[in-house]
Amino acid sequence: MAIPRIRIDQVSKSFGPVQVIKNLSLDIERGEFVSLLGPSGSGKTTLLMLLAGFEMPSGGSILLDGRRIDHLPPHRREMGVVFQNYALFPHMSVADNVAFPLKMRGVGRAEADDRVKRALDVVQLAAMRDRRPAQLSGGQQQRVALARALVFEPAVVLMDEPLGALDKQLREQMQLDIRALHKRLELTVVFVTHDQSEALTMSDRIAVFNHGIIEQIGSPRDIYDHPRSKFVAEFIGETNLLQGTVKGHDPDGTTIELDSTRQLTVTRADALLPGARVLVSVRPERILLGPPSVAVQNMLPTRILDSVYQGDHLRVQLDEAAFSLVVRLDRRFAEWPAGADVVAHFAPEDCWVVAA
């Protein structure tokens with residue numbers, strides 16, 4: 001079995017009495033793009049600082065290609081770091097900023113010049129090499145920081161919310177640019193973000209952090225379509241949660257009786273015992289609306305409370321007195337007027353169950 005590029009083994013980190021990372025283990029494979037996703041204070045940035053060497057673990061070990069590195073200083077860890085504020089030297093040219101890691105490692109002038117040229121070519125900034133950071137746009141400064149992280153050909157690139165200061169359009173373009181660069185250079189990337197959309201767009205795998213632990217790790221599709229906890233279901237995108245009790249199992253699926261006494265059928269889940277309290281989670285885009293006469297599975301009679309046009313879709317709020325649901329409909333469908341009686345419905349495979 002291949003040795004992972006990074007192995008985090010039972011790592012913990014405390015600041016005084018507060019334990020920020022709790023016996024966390026994670027393997028990251030060579031060439032993988034892994035996002036650490038979570039709210040502020042969840043431990044994701046602390047883990048990145050432990051990888052970079054700017055913080056020392058309170059317990060556990062960190063290995064790079066099978067070699068323990070948690071005792072090494074940052075410049076001996078073979079990891080390039082891109083910070084949120086870019087941390088460029090304002091008095092240096094673009095080329096000198098990119099060359100700085102090579103200078104600190106004692107690389108000769110001729111070789112350094114060649115590496116700087118290649119790194120600036122990679123981020124398409126060769127024409128800007130003599131400018132100062134203040135003469136660049138935010139996106140260009142971000143590219144300089146990325147070139148500086150790549151110039152010494154590190155084993156791993158660490159990124160701490162590097163796109164947070166950019167406007168929406170530029171941020172979305174940079175997401176695609178970094179993803180393309182990762183694939184072209186076969187980089188191993190650990191990317192910290194609190195932006196769910198960013199993580200879904202860029203990652204091979206996402207580790208969802210909550211209070212110093214990883215609640216769930218998996219592909220973007222796994223995390224979005226099959227969350228294993230209420231926290232993950234609510235944190236990744238938007239979802240509707242319906243409380244209920246497991247009634248039993250049959251060949252067609254598992255029956256859940258909602259607190260409203262309505263029954264739903266979900267994909268068969270034998271691990272759930274009858275009587276267990278659960279939450280049925282269903283994404284807004286998985287819910288369909290029909291007239292009261294419709295006869296389909298998982299019918300929830302309700303009423304339109306409000307309907308908002310949002311460009312590529314309609315966001316429909318259903319009456320809280322019946323079932324408090326948010327529905328996202330393709331705008332090509334006829335807009336349902338406020339006050340209309342409807343039936344919300346969805347297929348068993350379009351919902352999932354998490355522990356209450």
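**Exercise 1.** Find which residue just after α3 takes a positive phi.

*Solution.* Go to the end of α3 (109–122); helices here are DSSP runs of H or I with at least four residues, and strands are E runs of at least two, numbered from the N terminus. Just after this helix, Gln124 has a positive phi of about 60 degrees.

A word on the model: it is predicted, with local features needing pLDDT of at least 70 and side-chain atom pairs pLDDT 80 or more, while totals for chains, interfaces and linings use all residues. Numbering starts from 1 along each chain as its sequence is written, and side-chain values use heavy atoms, without hydrogens or water.

**Exercise 2.** Work out which side of α3 is buried (under 20% relative accessible area, 1.4 Å probe, protein chains only).

*Solution.* Start by listing the buried residues of α3: Ala112, Arg115, Val116, Ala119 and Leu120. They lie on the same side of the helix, because their arc around the axis (taken from the directions from the axis to the C-beta atoms) is only 130 degrees. The general rule helps here: an α-helix has 3.6 residues a turn, so residues three or four places apart point the same way. Now look at what covers them: α2 and α4 are included.

**Exercise 3.** Place Val116 in its surroundings.

*Solution.* Beyond neighbours within four places in sequence, Val116 is in contact (heavy atoms within 4.5 Å) with Ala95, Val98, Ala99, Leu102, Arg129 and Val151. Next, turn to the largest nonpolar core (buried Ala, Val, Leu, Ile, Met, Phe, Trp, Tyr and Cys joined through side-chain atoms within 4.5 Å), which has 36 residues. Val116 is among those with the most contacts inside this core, as is Val98. Finally, α4 gives the core its largest share, six residues.

Notes
Buried means under 20% relative accessible area, exposed over 50%, partly exposed in between (1.4 Å probe, protein chains only).
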